[in-house]
Amino acid sequence: MFDTETPPYNRRFLESLLAYRIQELAYGGLKKETVERLRYGKQYDGKAGTRPKGRSERMPIAGTRLIREWQGIEHCVTIRGDGFEYEGRPYKSLSAIAREITGYAGTAGCSSD
């Protein structure tokens, strides 16, 4: 539908993207004026369409929400430009959030004797 490789985003995002593309083909795309305004904005915003340094190309774009259920509780993590946010607090990794959710302190190799 796009003549390109599938982007590395989650299924829900891809479904929305495909639905939009089908509607675009059926009813027409953005107005010419809108496309020009978007081009104009990218021309003067040097950061448009780029990822922060060190971010993986596989990482979803900033603003994406990851929602998972664990032990009957739904947890929502938001991707930020500089890391992640969970329950209003910033985190540098998803692993740190997983430890917070599960209560795992990472004591592998430590002895309680």
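# Exercises on salt bridges and a nonpolar core

**Exercise 1.** In this predicted model, R11 and E15 both lie in one helix; find out how far apart in sequence they are, and how their side chains meet.

*Solution.* Begin with the position of the pair: R11 and E15 both belong to helix α1, which covers residues 11-27, and they stand four residues apart, about one turn of the helix. Next, look at the side chains, which meet in a salt bridge with an N to O distance of 2.8 Å. Finally, classify each partner by its relative accessible area, where over 50% counts as exposed and under 20% as buried, with partly exposed in between. R11 has 66% and is therefore exposed, whereas E15 has 43% and is therefore partly exposed.

**Exercise 2.** Decide which elements the salt bridge between E100 and R89 links, and whether each partner is exposed, partly exposed or buried.

*Solution.* First, take the distance: the closest N and O atoms of E100 and R89 are 3.1 Å apart. The pair then turns out to link distant parts of the chain, since E100 sits in helix α3 (residues 94-102) and R89 in strand β4 (residues 89-91), eleven residues apart. As for accessibility, E100 counts as partly exposed at 43%, and R89 likewise counts as partly exposed at 37%.

**Exercise 3.** State how many salt bridges the structure holds, and work out which residues are joined into one network by salt bridges that share partners.

*Solution.* The count for the structure is five salt bridges. One of the pairs to examine is R80 and D82, whose side chains meet in a salt bridge of 3.2 Å, N to O. Of these two residues, R80 is partly exposed, with a relative accessible area of 25%, while D82 is exposed, with 58%. The last step is to follow the shared partners, which join R80, D82 and E85 into one network.

**Exercise 4.** Identify the residues of the largest nonpolar core, name the elements that give two or more residues to this core, and list the contacts of Y91.

*Solution.* The largest nonpolar core has eight residues in all, namely M59, L66, V77, I79, F84, Y86, Y91 and I97. Two elements, β2 (73-80) and β3 (83-86), are the ones that give two or more residues to this core. In soluble globular proteins, nonpolar side chains tend to be buried together. Turning to Y91, and leaving out residues up to four places away in sequence, we find that Y91 touches G83, F84, Y86, A96, I97 and E100.

Note on methods. Residues are numbered from 1 along each chain as its sequence is written. This is a predicted model: local features need pLDDT of at least 70, side-chain atom pairs count only at pLDDT 80 or more; totals for chains, interfaces and linings use all residues. Side-chain values use heavy atoms; hydrogens and water are left out. A nonpolar core is a set of buried Ala, Val, Leu, Ile, Met, Phe, Trp, Tyr and Cys residues joined through side-chain atoms within 4.5 Å. Buried means under 20% relative accessible area, exposed over 50%, partly exposed in between (1.4 Å probe, protein chains only). Contact means heavy atoms within 4.5 Å. A salt bridge is a side-chain nitrogen of Lys or Arg within 4 Å of a carboxyl oxygen of Asp or Glu.
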